[in-house]
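Me: Could you take me through one part of this model in some detail? I'd enjoy a connected account that starts at one spot and works outwards.
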Amino acid sequence: MTGEQGAGRFGKPGAPLSRSPFVVGFTAGLGLLLAYTFFLVIQDAASILILIFIALFLAVGLNPAVVRLQRWGLPRGLAVAGVGLGVLVLLAAGLLALVPPVVTQTSALVENLPEYINQMRRSEALRDLNEQYQVIDRLQSAATATNMTRAAGGVLGGAQAVFGALFNVLTVVVLTIYFLAAFDRLRLGAYKLVPASRRARVQGIGDEILAKVGAFMAGALAIALIAGVATWIFLVIVGVTYPFALAVVVAVCDLIPQVGATIGAVVVSAVGFATGGVSVGITCIVFFVVYQQLENFVIYPKVMRRAVKVSDLAAILAALLGIALLGVIGALIAIPAVAAVQLIVREIVLPRQEQS
C-alpha cells in the first residue's frame, strides 16, 4: 500500500534522462528553436501587442477614476461604464472639432487652386522668379485634371489610413474598458504568482506603483487641459479661425512629453500664418515660446512633483531615453517607469545594502 502511495496517481517517476552530449545538445538546440519561434511570433504580433499594452496602461491610469466613482456609491460595472462613456464622449468631441475644418479647408484649397495660381502670376516678384525657374508654370501643369484624380486617389489612401487609425483607437478603447472591468481580478491574479511569504510586500509595492501611474496620467491630463484652454483663449483674442479645433490639437499633442508641445505650436503657428498673415503667425510663435517656458519650468514640474514625486532631471532624462527606445509609447511610460524604479530601489535595494 505504501509503495502504491509513493508511486502517485500517475505511476512511479522514471529515472532522470542521461546527460550525454547528444541529449544536452539536442535540448539546447530545441530551446534555441523555441526561443527563435517565440521571437517571430512576437515580431508578427507586435502591432496588436502594442495596442494591448496601451490599453493596459490606460486602464491602470483610469482605474483611480473608477475607484472614485465607487466611493460615491456606484457599482463597479456602472463606474467602468461611466468612465468608458466619458472617454468616448471626449473622442467624439475631438473628432467633431477636427474633421469639419480639415474637410472644409481641403475642398476650398482644391477649388481655389487655379485662382491662387493666377494671383501668383500677378505678383511681379513671382513673375521674375517664374521666368528664371518656371515655378508657376510647373505648378499649373501639375494642377491638371489627371493629377487632381491622382490626388483624389492619394486622399482616398489617406482616408483609409485615417479609418485604420480610428479602428486602432476604438480597439484600444474597448480593450481598456475590458481591462477596467477585470482590473481587480487581474491584479490579484498577478500577485498570486508571487510566493506567499513575499506576497504582502510585493502587493504593497505593486499597488503603490499602480497609484503612481494613475497620478501621472491625471497630472498629464491636467497639464494638457491647461494648455488647450490657454491656447483657445489666445486664439479667440487674436482671431485665428477654428480656435476650438486648434486648441484640441494642442491639448492632444501636449500629452506627448518633451516634443508634443512643439508639434502643437508648429501646427497652430502654420495656421496663423496661412489665415491671418505674417503678424498673426509671429504672434502665435511668441505666445507658444512664452507659454512653453511657463509650462516647462512652472506648471509641469509642480504638477509632476506633486503627483509622481520625480525630479525634473530624472523626468527629462527618462523621456529622452523612452523616445529613443520606444518612440511615443516610451515617452508616455518613461516617467511612471522612473517612479517605479525609484520606489523599488528605495524599498528593496537600499535596505538590502544596509543589511549586508
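How many residues line the second largest pocket, and which of them lie nearest its centre?

Reply: Happy to. This is a predicted model, where local features need pLDDT of at least 70 and side-chain atom pairs count only at pLDDT 80 or more, while totals for chains, interfaces and linings use all residues. Numbering runs from 1 along each chain as its sequence is written, and side-chain values use heavy atoms, with hydrogens and water left out.

The second largest pocket is lined by 18 residues, and Y191, V202, I205, G206 and I209 lie nearest its centre. (A pocket is an open set of points on a 1 Å grid over the protein atoms alone where a 1.4 Å probe fits, with protein on both sides within 12 Å along at least five of seven lines; lining residues have an atom within 4 Å of a point.) The space in this pocket comes to about 500 Å³, a volume filled by probe spheres set on the points. Its lining divides into 12 nonpolar, 1 polar and 5 charged residues, with Gly counted as polar. Helices α3 (46-71), α8 (183-191), α9 (196-238) and α14 (328-355) each supply at least two lining residues; helices here are DSSP runs of H or I, at least four residues long. The most comes from α9, with 7 residues.

Two of these lining helices also pack against each other. The angle between α8 and α9 is about 140°, and their axes are 10 Å apart, with axes fitted to C-alpha atoms over the stretch in contact and angles running from 0 to 180 degrees between N-to-C directions. That makes α8 oblique to α9, since oblique covers whatever is not under 35 (roughly parallel), over 145 (roughly antiparallel) or 65 to 115 degrees (roughly perpendicular). The crossing of α8 and α9 is right-handed, that is, the near helix is turned clockwise from the far one by less than a right angle. F183, R187, L188 and Y191 of α8 meet R199, V202, Q203, G206, D207 and L210 of α9, contact being heavy atoms within 4.5 Å. By class, 5 of the residues in the contact of α8 with α9 are nonpolar, 2 polar and 3 charged. Y191, V202 and G206 thus turn up in this contact as well as nearest the centre of the pocket.

Further along, α9 meets α12 (residues 278-307). These two pack at about 155° with axes 10 Å apart, and are therefore roughly antiparallel; their crossing is right-handed. On the α9 side the contact includes A215, F216, G219 and V238, and on the α12 side V280, C284, F288 and E295 are among the residues involved. The contact of α9 with α12 divides into 19 nonpolar, 3 polar and 1 charged residues.

α12 has another partner in α11 (residues 260-276), at about 160° and with axes 7 Å apart. α11 and α12 are therefore roughly antiparallel too, and their crossing is right-handed. Among the residues making this contact are A261, A265, G272 and G276 of α11, together with V280, C284, F288 and E295 of α12. The contact of α11 with α12 has 10 nonpolar, 7 polar and 1 charged residues.

One last link: A261 is 8.4 Å from A251, C-alpha to C-alpha, and 10 residues away in sequence. A251 sits in helix α10 (residues 243-254) and touches A224 and G228, leaving aside residues up to four places away in sequence.
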